[in-house]
Amino acid sequence: MKKKLFGLTLEELRVLTSHVGLPAYAARQISEWLYQKEITSIDEMTNLSLKARAQLSASYELGLSPPMDEQVSTDGTKKYLFPVLVNKYIETAYIPEAKRSTVCVSSQVGCKMGCLFCMTGKQGFQGNLTSGEILNQFRSIPEWKTLTNIVYMGMGEPLDNLSEVLKSLQILTSDWGFGMSPRRITVSTIGITPAMLQFLDQSQAHLAVSLHTPFDEERRKLMPVQQVYPLQEVLSEIRSWDFGRQRRVSFEYILFKGFNDSPSHVKELSRILHGIRCRINLIRFHPIPDTPLQSPDESTIQHFKELLNAKRITTTIRASRGQDIWAACGLLSTKKLAENKA
Amino acid sequence: MVAGHNHQLQPVTLSFTEELSENIYLIGFERTFKFQAGQVIGIALEEQGPRRLYSLCSGEKEETVKILYNVVDEGYLTPRLSDLEAGDTIWITEPRGEFTGNPGPAVWIATGTGIAPFYSMLRSGLARDKILIHGNRFLEQFHFYDEFEAALADSYTRCCSQEENEEVYLGRVTAYLEELPALNPKLKYYLCGNAEMVVETRDILIQKGIPFDHIISEIYF
């Protein structure tokens, strides 16, 4: 089986060209073909000699693969299904808006984190994606040229696959890669503190942290990660990190009816986020099968936002997009997995 | 590597290593810190190397700290860890975690090496009024079986999915729970194992009427 070029960093390409017997400058040429031009095979790398292309092709392939299925919402949102590993699948969402287009990529097949509200967690953990498989979700959808933003908020916990996520970020933001501004990229985490610190140190992309309740005891019941990386520690590290003027930290907050939507939650959020320049994204909960959690009504969501705004916390409500196809992240791939098992 | 103050690694010398059953190891080193039963430590092979979290598998007052782990073939740490011998050095973080034992009645549910925090609780005198359900594939994998049985008697159930004898339930933990006629909704349920087991078990408990806020989970990642 041939190895894939797509997803290799310039440093890795330098090692590769050295092993294959190509000149050192070929690494940069290959990276430009991979990340800055549109080709479908190694044969199209025309500034490499015929011999060099043959040498490369003997062991390598380009490594791009198209989605195998898609669902299209009435509002233009699309959900793509990519095959990975053997009979495993990942989901990628394309979300067009008036002034920008966002792709939401997965970083793992399944997830180990076991959050109570998450459909992906019900698959268990199947494996980590390579940087190439992460970037393929961006590069292999038909809309890739129109994309303005990338969010690592699909299946999996990005910081549980830190090395491949960092490689993908390097390729996205380097001048030898896609040359994208890190300010157009957001990586979401449930708060694995050591990995979060490494991410903050080695990338300039925005950080989003899944918060979901300011109370430790409640968070333990929603998110097992709270047992070992408590929110207090995550916030303490964020508070002491210099984010500069442009880099953003935001907190994701899924509202659950009667659980985390009270004025006391607003008060505690205001207390624990004091001193952090941030914003809160409120998210409507899309119920998953057998969940004990419910979504509050619209008026409760609006009121919660207003209370936070009154505390001078910039708060937005994430627009519900693709509701007719969305259901919940992980549903499409879980359904496909179940079909294969049947 | 950037690490917060309590993620710093310290070297310790292994005092013993033992393969308890195929691919399941117990290692130990001298205790130089206090911890609560159920807590975890980060382990790395080098000061700058990748670390993983492992539950402590010994009593709070014991002189030797023990770690139980199974070798993950495709993993980075455990295949290398299993090559180490007494006298070798590993790097550890301070203990951390809130999946800790308490004296009240509760149900402990574990699969595989997920038994480690509950063994630590047992060795720390926290087994009274506890019910333990432990799942493994093979009979030889029920380490500490005699100690649990001595402490818990009929409140200890072994679920073995691949081998049978008259003392164990033949099947997975999830199948055993499904077959139980009723569960006590007033008890707290502590789950420890891999993500798939924890999520499946949690769903079953909720379907059987256990409030989700009575379910406390520890997942290996």
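Begin the tour by selecting strand β5 of chain B, residues 64-70: this strand is mostly covered, with five of its seven residues buried. The model on screen is predicted, and every stop below refers to that prediction.

**Chain B: the strands around β5**

Keep β5(B) highlighted and add strand β2 of chain B, residues 24-30. The two strands pair in the antiparallel sense, and seven bridges connect them. To find one point of this pairing, select B:Ile27 and look across to β5(B), where B:Ile67 is its bridge partner.

Next, add strand β1 of chain B, residues 10-21. β1(B) runs antiparallel to β2(B), to which six bridges join it. Within this pairing, B:Phe16 has B:Gly28 of β2(B) as its bridge partner. Then move to the turn: the hairpin of β1(B) and β2(B) has two residues between the strands, and B:Asn23 takes a positive phi near 70 degrees there.

β1(B) has a further pairing to display. Select strand β6 of chain B, residues 89-92; this strand and β1(B) are antiparallel and share four bridges. Here B:Gln10 stands opposite B:Ile92 of β6(B). As background, strands of a sheet pair through backbone hydrogen bonds, in either the parallel or the antiparallel sense.

**The nonpolar core**

Which residues touch the most other members of the largest nonpolar core? Select B:Ile109 and B:Phe118, which do so among the 151 residues of that core. Centre the view on B:Ile109 and disregard its neighbours within four places in sequence: the contacts are then B:Ile133, B:Val173, B:Tyr189, B:Tyr190, B:Leu191 and B:Thr201. In soluble globular proteins generally, nonpolar side chains tend to be buried together.

**Chain A: the open sheet**

Turn now to chain A and display its strands. Ten of them, written as 10 strands in the order β3-β4-β5-β6-β9-β10-β11-β12-β13-β14, form an open sheet with mixed pairing. Why is one side of β3 (69-72) and of β14 (314-317) of chain A left without a neighbour in the sheet? Both stand at the edges, and each has a single partner strand, so one side of each lacks a neighbour. On average, neighbouring strands of this sheet are turned by 20 degrees against each other, direction ignored.

For a parallel pair, select strand β12 (residues 249-255) and strand β13 (residues 279-284) of chain A, which are paired over six bridges. A:Glu252 can serve as a marker here, since A:Asn281 in β13(A) stands opposite this residue.

**Chain A: the two domains**

Colour residues 3-61 of chain A as domain 1 and residues 69-341 as domain 2, following the domain assignment. Their C-alpha centres lie 33 Å apart. Where the domains meet, nine residues of domain 1 of chain A are in contact with 12 residues of domain 2 of chain A. Helix α2 of chain A, residues 26-36, provides the largest share of the domain 1 side, four residues. By class, that side has three nonpolar, three polar and three charged residues.

**Between the chains**

For the last stop, show both chains together. The contact takes 24 residues from chain A and 25 residues from chain B. On the chain A side, select α6 (193-202) and α7 (216-222), each of which supplies at least two residues. The largest share comes from α6(A), with five residues. By class, the side of chain A that touches chain B has 10 nonpolar, six polar and eight charged residues.

Terms used:
Residues are numbered from 1 along each chain as its sequence is written. Chains are lettered from A and ligands numbered from 1 in the order in which they are written. This is a predicted model: local features need pLDDT of at least 70, side-chain atom pairs count only at pLDDT 80 or more; totals for chains, interfaces and linings use all residues. Domain bounds come from an automatic or database domain assignment. Two residues are in contact if their C-beta atoms, placed from the backbone, lie within 7 Å. Ala, Val, Leu, Ile, Met, Phe, Trp, Tyr, Cys and Pro count as nonpolar, Asp, Glu, Lys and Arg as charged, and the others, Gly among them, as polar. A residue is buried if 20 or more other C-beta atoms lie within 10 Å of its own, exposed if 12 or fewer, and partly exposed in between; C-beta atoms are placed from the backbone. Two strands pair if DSSP finds at least two bridges between them. Axes are lines fitted to C-alpha atoms, for helices over the stretch in contact, and angles run from 0 to 180 degrees between N-to-C directions. A nonpolar core is a set of buried Ala, Val, Leu, Ile, Met, Phe, Trp, Tyr and Cys residues joined through C-beta atoms within 7 Å.
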